Amino acid sequence: MTKTTSDIFDRMMRLRPEIDAAHYRANREALLEHARMGRAVCESRDGQVVWIQPLEIFARYGLDEFGREKPVASAEPGNH
């Protein structure tokens with residue numbers, strides 16, 4: 001059976017959340033790789049090209065200045 005363009009388009013639309021999630025993960029990993037190597041990257045903001053420094057990339061994903069997960073504060077009393 002030959003698939004029509006409409007069938008293919010419908011399947012792509014059903015897969016869109018998975019495609020968007022995969023794109024987000026790939027973009028995040030690429031940005032973090034550049035930041036970990038100390039490289040700035042550029043992006044478009046309001047029609048202007050701006051350079052994003054590694055610290056800003058780390059902050060975007062909730063990481064510390066070295067690109068590591070921030071420690072979670074303990075909620076237990078007496079643990080300082």
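Two strands pair if DSSP finds at least two bridges between them. The exercises below use this predicted model.

**Exercise 1. Lay out the fold and its confidence.**

Task: State how many helices and strands the protein chain has, and in what order they run.

Step 1. Count the elements. The chain holds two helices and two strands.

Step 2. Order them. From the N terminus the elements run α-β-β-α.

Step 3. Check confidence. The mean pLDDT of the chain is 89, and 89% of the residues reach at least 70. Among the elements, helix H1 (residues 5–36) has the lowest mean, 93. Strand S2 (residues 48–52) has the highest, 97.

**Exercise 2. Describe the hairpin.**

Task: Determine in what sense S1 and S2 pair, and over how many bridges.

Step 1. Apply the opening definition. S1 and S2 are joined by five bridges, and two would be enough.

Step 2. Give the sense. The pairing is antiparallel.

Step 3. Fix the register. Cys-42 stands opposite Trp-51 in S2.

Step 4. Inspect the turn. Two residues lie between the strands of this hairpin, and Asp-46 takes a positive phi near 50°.

**Exercise 3. Trace the salt bridges between S1 and H2.**

Task: Find which residues of strand S1 and helix H2 meet in salt bridges, and which network they form.

Step 1. Set the cut-off. A side-chain nitrogen of Lys or Arg must lie within 4 Å of a carboxyl oxygen of Asp or Glu. The count by this rule is six salt bridges.

Step 2. Take Glu-43 and Arg-60. Their closest N and O atoms are 3.2 Å apart. Glu-43 sits in strand S1 (residues 41–45) and Arg-60 in helix H2 (residues 54–60), so the pair links distant parts of the chain, 17 residues apart.

Step 3. Take Arg-45 and Glu-56. This salt bridge spans 2.6 Å, N to O. Arg-45 is in S1 and Glu-56 in H2, so parts eleven residues apart in sequence are tied together.

Step 4. Join the pairs. Through salt bridges that share partners, Glu-43, Arg-45, Glu-56 and Arg-60 form one network.

**Exercise 4. Classify the charged residues by exposure.**

Task: Decide whether the network residues and Glu-29 are buried, partly exposed or exposed.

Step 1. Recall the limits. Buried is under 20% relative accessible area, exposed is over 50%, and partly exposed lies in between.

Step 2. Read the S1 residues. Glu-43 has 25%, so it is partly exposed. Arg-45 has 33% and is also partly exposed.

Step 3. Read the H2 residues. Arg-60 is partly exposed at 36%. Glu-56 has 36% and is partly exposed.

Step 4. Turn to Glu-29. Glu-29 forms a salt bridge with Arg-28, with the closest N and O atoms 3.2 Å apart. At 41%, Glu-29 counts as partly exposed.

**Exercise 5. Find the nonpolar core.**

Task: Identify which residues make up the largest nonpolar core, and which element gives the largest share.

Step 1. Start from the general trend. In soluble globular proteins, nonpolar side chains tend to be buried together.

Step 2. List the members. The largest core has nine residues: Leu-31, Leu-32, Ala-35, Val-41, Ile-52, Ile-57, Phe-58, Tyr-61 and Leu-63.

Step 3. Assign them. H1 and H2 are the elements that give two or more residues. H1 gives the largest share, three residues.

Step 4. Follow one member. Beyond its neighbours within four places in sequence, Val-41 contacts Leu-31, His-34, Val-50, Trp-51, Ile-52 and Ile-57.

Step 5. Place the core in the whole chain. Buried residues are 15% of the 80 residues. The accessible surface is about 6,900 Å², and 56% of it belongs to carbon and sulfur atoms.

Conventions: Residues are numbered from 1 along each chain as its sequence is written. Side-chain values use heavy atoms; hydrogens and water are left out. Buried means under 20% relative accessible area, exposed over 50%, partly exposed in between (1.4 Å probe, protein chains only). Helices (H or I, at least four residues) and strands (E, at least two) are DSSP runs, numbered from the N terminus. pLDDT is the predictor's confidence in each residue, from 0 to 100. Accessible areas come from the Shrake-Rupley method with a 1.4 Å probe; for residues, only the protein chains shown count as cover. A nonpolar core is a set of buried Ala, Val, Leu, Ile, Met, Phe, Trp, Tyr and Cys residues joined through side-chain atoms within 4.5 Å. Contact means heavy atoms within 4.5 Å.
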